Amino acid sequence: MGTTAVLQGATGAWEPVIGLEIHVELDTATKMFCACAVTKGDPPNTHTCPVCLAHPGALPVVNQRAVEYATRIALALNCTVRPRNLFHRKNYFYPDLPKAYQISQFDEPLAVDGWFEYWVGDEKLRCRINRVHMEEDAAKLVHAGGETGRIAGSDYTVVDFNRGGTPLIEIVSEPDILSPAAAREFLQQLRDLVIELGVSECTMEEGQVRWDANISVRPVGSAELGTRTELKNMNSFRYLQQALESELPRQVEMLEAGGRIDQETLHFDPATGTTTPLRSKEEAHDYRYFPEPDLVPLVMDPDWVESVRAGLPELPGARIARFTEQYGLSRADAVVLGGTGALARFYEGVVAQGVDPKLAANWTMGEYLAHLNAAGLEPGHGHVTPERLAKLVRLVADGAVSTSAAKDVFAKMITERAEPEAIVESHGLGQISDSAQLAAAVAEVIAGNPTQVEQYRGGKQQVIGYLVGQVMKVTGGRANPKLVNELLRKALDG
Ligand SMILES: [Zn+2]
């Protein structure tokens, strides 16, 4: 499994140690400290005000909904919400930050000491969460005139302040992740959790969720942490895994050659699959943190925190456990169907029609999921509704269509946007369960396959499977396979 990726070096075995920092932009109506709207895709610099543009004398006010959303995340990650928390100024200059500091949290963050459970295959892993804190996003820099959109090679840079001041949550994990594959699963499932909480759509292309990874290696069995490097600002699961798979062997080679790992920030180039240093990593003291004098400490009313906790939806972990119990699904199937809210709701919508939960699971994970992937659709979108899929599942369960014909019906449900019964009817796809209708096909197959018939009669019973397949072919997949099997045996044995 991908839970621990041991690297075999020349001097022995090494294990990766990976920690993640995840930034999530919240989908609040307004920004973190002003009344400007949080928007996507509006013309640049149309949602700004003296506060988010850092005009002198403008004063920030904390967005309560953002605090509530952040608290939801913290509670869902099993963190302790601290009774008092404080905003700090994190000082640095960059063109996307007009104040020359970011309002963030430092030594008194919103919440600490949580954990997140996630799965790699059907193995459940737990990663400790160090902290969850609130801050504001920077503005967006657009590097123009170059080929890559990156700063290197561009002619000039423009700034869109619409994003500046958007509520941003930082989730910091402990370095408990022991393989690139586990890091990828962690992030995918954490994103699912945040979406489930209704606090962010976590759109990847918009960079609404992005992450940094801290990476080091140590000899297997060692309890000490090695010097780490950092991969910054990634928003592709695949690139993260590739970057880790490239960086880990580099560190092992370096250490085995007697070298030293520099604590630095790396850039991953997907084109070459390699990492290159960007800059040496900043330390906290480089930022000259001090308490934000324009904001009072946030005192968290315990009753309010409990009311937020009471309002949490069913979380993926609990739902997966429920699916195994309530529907008798295997853990692996429950992870697929219960891991994300949208697919879980679709599946439960199918089951709610009174069809067999396991058969419904097979069709949801099989044809339906393949259809979503092929069409680039989210669960619940498109023309296949839970009601329609349930009707198809029932036709299969009742023997009205064969499994292979049902796949054909499913494909036509998408192209013809019609009810499964109507498709079966109009295309004549109903299962043939009438012996008299099948007799001709059985006779044809027996006549056309003398070798197999001889083998069967000579005692090679398993050849019957091949002959059944031939009858299915002749009937366009519509024959009832069980009946075909009986008819063939009767004809051959008799
Ligand atoms: Zn503003």
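Guide: Two strands count as paired if DSSP finds at least two bridges between them. Keep in mind that we're looking at a predicted model.

Visitor: Okay, which residue in strand 16 stands opposite His88?
Guide: Start with strand 5, residues 88–91, which is joined to strand 16 by two bridges. Two bridges are enough for a pair, since at least two are needed, and these strands run antiparallel. Across from His88 in strand 16 you'll find Pro291.

Visitor: What is the strand order of the open sheet of three strands?
Guide: Strand 5 has antiparallel bridges to strand 16, and four more bridges join strand 5 to strand 6, again antiparallel. Strand 6 and strand 16 (290–291) sit at the edges with a single partner strand each, so one side of each has no neighbour in the sheet. Put together, the order reads 6-5-16.

Visitor: Which residue of strand 6 does Arg89 face?
Guide: Strand 5 and strand 6 run antiparallel and share four bridges. In a regular strand the side chains alternate between the two faces of the sheet. In strand 6 (residues 101–104), Tyr101 and Ile103 are on one side, Gln102 and Ser104 on the other, and all of these are buried. The residue opposite Arg89 is Ile103.

Visitor: Now the metal. Which residues coordinate the zinc ion?
Guide: The donors follow the spacing C-x1-C-x12-C-x2-C along the chain. Each donor is an SG atom, at 2.3 to 2.4 Å from the zinc ion. The coordinating residues are Cys34, Cys36, Cys49 and Cys52.

Visitor: What arrangement do the four donor atoms make around the zinc ion?
Guide: Four donors count as tetrahedral if all angles lie between 85 and 135 degrees. Here the angles are 101 to 115°, which makes the arrangement tetrahedral.

Visitor: Is Cys52 buried or exposed?
Guide: Cys52 is in the loop between strand 2 and helix 1, and its C-alpha is 8.1 Å from that of Pro98, though 46 residues separate the two in sequence. Fellow zinc donors Cys34 and Cys49 are both buried. The cut-off for that label is under 20% relative accessible area. With a relative accessible area of 9%, Cys52 is buried.

Visitor: And Val158, buried, exposed or partly exposed?
Guide: Val158 is found in strand 10, residues 156–160. Buried means under 20% and exposed over 50%, with partly exposed in between. At a relative accessible area of 41%, Val158 is partly exposed.

Visitor: How far apart in space are Val158 and Phe323?
Guide: Along the sequence, these two are 165 residues apart. In space, going C-alpha to C-alpha, the distance is 50 Å.

Visitor: How many residues of strand 11 are buried?
Guide: Strand 11 covers residues 167–173. One side carries Pro167, Ile169, Ile171 and Ser173, the other Leu168, Glu170 and Val172, and both faces are covered. The count of buried residues is seven of seven.

Visitor: Which residue in strand 11 is the bridge partner of His133?
Guide: Strand 11 pairs antiparallel with strand 2 over five bridges, and there Val24 stands opposite Ile169. Strand 8 (residues 123–136) also pairs antiparallel with strand 11, over seven bridges. The partner of His133 in strand 11 is Glu170.

Visitor: Which element gives the most to the lining of the largest cavity?
Guide: The search turns up one cavity of 30 Å³ or more, and about 40 Å³ of space lies in the largest cavity. Its lining includes Ile22, Val24, Leu187 and Trp211, and by class the lining has eight nonpolar residues, no polar and one charged. Strand 2, helix 2 and strand 12 (209–219) each supply at least two residues. The top contributor, with four, is helix 2.

Visitor: Last one: how many residues from helix 2 line the second largest pocket?
Guide: That pocket holds about 1300 Å³ of space. Of its 41 lining residues, the closest to the centre are Gln188, Asp192, Gly339, Thr340 and Gly341. By class, the lining has 21 nonpolar, eleven polar and nine charged residues. Helix 2 supplies the largest share, and its number of residues is eight.

Definitions and conventions:
Residues are numbered from 1 along each chain as its sequence is written. This is a predicted model: local features need pLDDT of at least 70, side-chain atom pairs count only at pLDDT 80 or more; totals for chains, interfaces and linings use all residues. Side-chain values use heavy atoms; hydrogens and water are left out. Buried means under 20% relative accessible area, exposed over 50%, partly exposed in between (1.4 Å probe, protein chains only). Donors are N, O and S atoms within 2.8 Å of the metal (3.2 Å for Na, K and Ca); water is not among the atoms, so sites may look incomplete. Four donors count as tetrahedral if all angles lie between 85 and 135 degrees; four count as square planar and six as octahedral if opposite donors are over 155 degrees apart and all others between 65 and 115; anything else is irregular. On a 1 Å grid over the protein atoms alone, a cavity is a set of points where a 1.4 Å probe fits but cannot get out, and a pocket is an open set with protein on both sides within 12 Å along at least five of seven lines; lining residues have an atom within 4 Å of a point. Grid points are joined across faces, edges and corners, and a volume is the space filled by probe spheres set on the points. Ala, Val, Leu, Ile, Met, Phe, Trp, Tyr, Cys and Pro count as nonpolar, Asp, Glu, Lys and Arg as charged, and the others, Gly among them, as polar.
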